[in-house]
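The exercises below are meant to be worked through with the sequence and the model side by side. Each one sets a task and then gives a solution in steps.

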Amino acid sequence: MADTHSVIGTKNKKGQTFTDTWKLMNEAPRTPSFFTGSEVIKEALRRASCDVMIAYPITPQSEAAALIGELFAEGYIGDYFRGESEFAVMSQCAGAAFGGARVFTTTAGPGTMRAMENFPMWAGARLPIQMIVTCRGINSPLSIQPDTLEIAYLLNTGMLVWHAETAQDFFDWILKGYMVSEEPDVHLPLALCCDGFFVTHTKDVVNLTPADMCLPPYDPYRSPVPCMDMECPPVRMMRDPFVMKSNYISYATHASWQQEVWAAVERSRKHTIKWLNGLIETENTDAEVIIVTSGTAVSQGREAIRLLDDEGIRCGLVKIKALRPWPGEEIREATKNAKHIIVPEFNVTGWMAKEIKATIPNSERVHAGPRVCGGMTMPPEIIVSEIKTLLGMRTMSLAGRGS
Amino acid sequence: MTQYRVLPGPEHFLPPSAASMGIYLPNPGEAHINGVIVPEEKAYEEAAKQFLMAKVPTLFPGPLVLWAWNEKAAKKATAIRHLYNTLKECVQPGQTPMLIPMPDYRPKYPKINPEVEINPNHPNLTIWHNKIDCCMFIGVHCHQANLSLKIIRGGTSCYTIAMCAQAGHEDAMLSFRDASVEKIMNLADAVKRLKGTVNPRLTSAKSGASN
């Protein structure tokens, strides 16, 4: 069987050195670089020893998909092509992963929704594909602007789901994501989400690892299912497999199969904690008011906390990094002292607040908002205003006719 | 800390996966017994004890160690044969060690022949037919092993052991990780060491009843 350790220290065809991932991410020198989120995706992929990237244009991930095409032209990606639609792309990703390749793709908004059927299939087939989701509006009338509603649909697919706040998160988590995803006891696809435009189209200083160092290659021999065996599930799906039989044991086998997928999500917990340094990050959890959220709503929360601090109001923060596995225990611990839990979100339904309410005791402490959607920004002042209103303090009107 | 323990069944109409009940896999150098992390040495003793107590101790080698598809697989297969021969040498009259392969994972209809193979989609048929009360999976892909182990726990009283080449199996009652020829031989040595010190059970596994 293949042994990835044997390639550490050797070079690939581009002259990059296969490097132990822990050393690459934690010990290798970093170079500050001023890049957009899309450029950061490209730079992470340059170092990811990726075999196959399949692209389809949909804003706001189109730029990243095109930039990765440049990487292919430069010889850093094994294969790269455009699918006929998002559904086709995700199906082609499955084929490549079944064949034992390390696979990467990007999508957004309606593209995520169009391809949705594939995601539980990926998870059920234990394919460690990485998919970047640059979240945008999904409903009619058309919007290409930031909106995180599509994440709610991904949460029950059996995929790992992480939500990056910054381009730095993005760079690090793309590389670390493969390490979690490809563990044999996990071996699940990862949806690495960010808020479109806010992260993809703004420039930020990102500390990059050396371009001449890259991840060790994927070892398909560690997969918990055989590669591309046409006679066995999961590849053998539609030709009289057990899933199509009507008897107790067929149902029980399928039920066990589903449970095994979610068991793998649970097993990812220990690896995710190791690589992301915890499923959440916290500040001032002894405060009576705590903001709990993910993605760029965390950044807005940080600014709101600074504004509140100027007024002598102490407020804590919980940044949720992983949504699947869900950090229930961590959130319960971090919010145990809070009287008010504020959950700002960039979507209309408030799925994050619902998840938190289902997690903690005394869920009436959760204030599901403020929420914006459809591309609206979330000024920190509206978070401040909601918190002050909750505390019974006077606050200025943020919208109106200026009277 | 979870109170859940991975014990011989029959556990439930649809038992939960052990991972969903808070059972964690062992780290390198460790194993688990009933979901509790233990040093690997302790697991050798316990696995050997379970084999020697069983009326029908059985090894289930899977595709990763069958077919001599590479040198490492062939060496492991030889070690498994050695473990099987050791079991035969060390059990007492009335005990019947078996070696039944899981050659592949294909769904087979109308059903498999439980005398000659075990299948991950209905492993309970082989357990029931042969009255197997202790078994060890080795060389089975992790996903398929977990399916089988959970179905066995759900519907039979068989004690399950996993000798996993990767991270281990929390759905088995006892699991090793990072399986190697050396570890298989260590288990055979433990069986030899405990020969004659363990009283075999008088009954065997059957559907719907515990031992």
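**Exercise 1: a sheet in chain A**

S11(A) and strand S13 (residues 315–320) of chain A pair in the antiparallel sense over four bridges, where strands and helices are DSSP runs numbered from the N terminus, with at least two residues (E) for a strand and at least four (H or I) for a helix, and two strands pair if DSSP finds at least two bridges between them. The model is predicted, with local features needing pLDDT of at least 70 and side-chain atom pairs counting only at pLDDT 80 or more, while totals for chains, interfaces and linings use all residues. Residues are numbered from 1 along each chain as its sequence is written, and chains are lettered from A and ligands numbered from 1 in the order in which they are written.

Task: place S13(A) in its sheet, and state which residues stand opposite Ile320(A) and Leu317(A).

Solution. Begin with the strand order: five strands of chain A form an open sheet with mixed pairing, in the order S11-S13-S12-S15-S16. Its edges are strand S11 (280–283) and strand S16 (366–367) of chain A, each of which pairs on one side only. Next, take the partners of S13(A) in turn. On the antiparallel side, Ile280(A) stands opposite Ile320(A); S12(A), by contrast, runs parallel to S13(A) and is joined to it by five bridges, with Ile291(A) opposite Leu317(A).

**Exercise 2: burial of S13(A) and H13(A)**

Task: decide whether S13(A) is enclosed or open, and identify what covers the buried residues of H13(A).

Solution. Apply the burial rule to the strand first: a residue is buried if 20 or more other C-beta atoms, placed from the backbone, lie within 10 Å of its own, exposed if 12 or fewer do, and partly exposed in between. Six of the six residues of S13(A) are buried, so the strand is largely enclosed by the rest of the structure. The next step is to separate the two directions: Cys315(A), Leu317(A) and Lys319(A) point one way, Gly316(A), Val318(A) and Ile320(A) point the other way, and all are buried. In a regular strand the side chains alternate between the two faces of the sheet.

Now turn to helix H13 (residues 380–390) of chain A, whose buried residues are Ile382(A), Ile383(A), Val384(A) and Ile387(A). Their cover includes strand S12 (289–293), helix H10 (296–310), S13 and strand S15 (340–342) of chain A. Just after H13(A), Gly392(A) takes a positive phi of about 80°.

**Exercise 3: domains and core of chain A**

Task: describe how the two domains of chain A meet, and which residues touch the most other members of the largest nonpolar core.

Solution. Start from the bounds, which come from an automatic or database domain assignment: domain 1 covers 7–222 and domain 2 covers 280–390. Their centres, taken over C-alpha atoms, are separated by 27 Å. Each domain gives 20 residues to the contact, two residues being in contact if their C-beta atoms, placed from the backbone, lie within 7 Å. On the domain 1 side, S7(A) gives the most, with four residues.

The core comes next, defined as a set of buried Ala, Val, Leu, Ile, Met, Phe, Trp, Tyr and Cys residues joined through C-beta atoms within 7 Å. Among its 172 residues, Ala48(A), Met159(A), Trp162(A), Phe170(A), Ala191(A), Leu192(A) and Cys193(A) touch the most other members. Helix H8 (residues 167–181) of chain A contributes the largest share, eight residues, and the core draws at least three residues from each of the two domains of chain A. Not counting residues up to four places away in sequence, Ala191(A) touches Met131(A), Val133(A), Leu154(A), Met159(A), Leu160(A) and Val161(A).

**Exercise 4: chain B and its contact with chain A**

Task: summarise the elements of chain B, then its side of the contact with chain A.

Solution. Chain B has five helices and seven strands, which run β-β-α-β-α-β-α-β-α-β-β-α from the N terminus on. Buried residues make up 53% of its 211 residues. For the contact, chain B supplies 24 residues and chain A 26 residues. Helix H4 (residues 142–155) of chain B provides the largest share of the chain B side, six residues.
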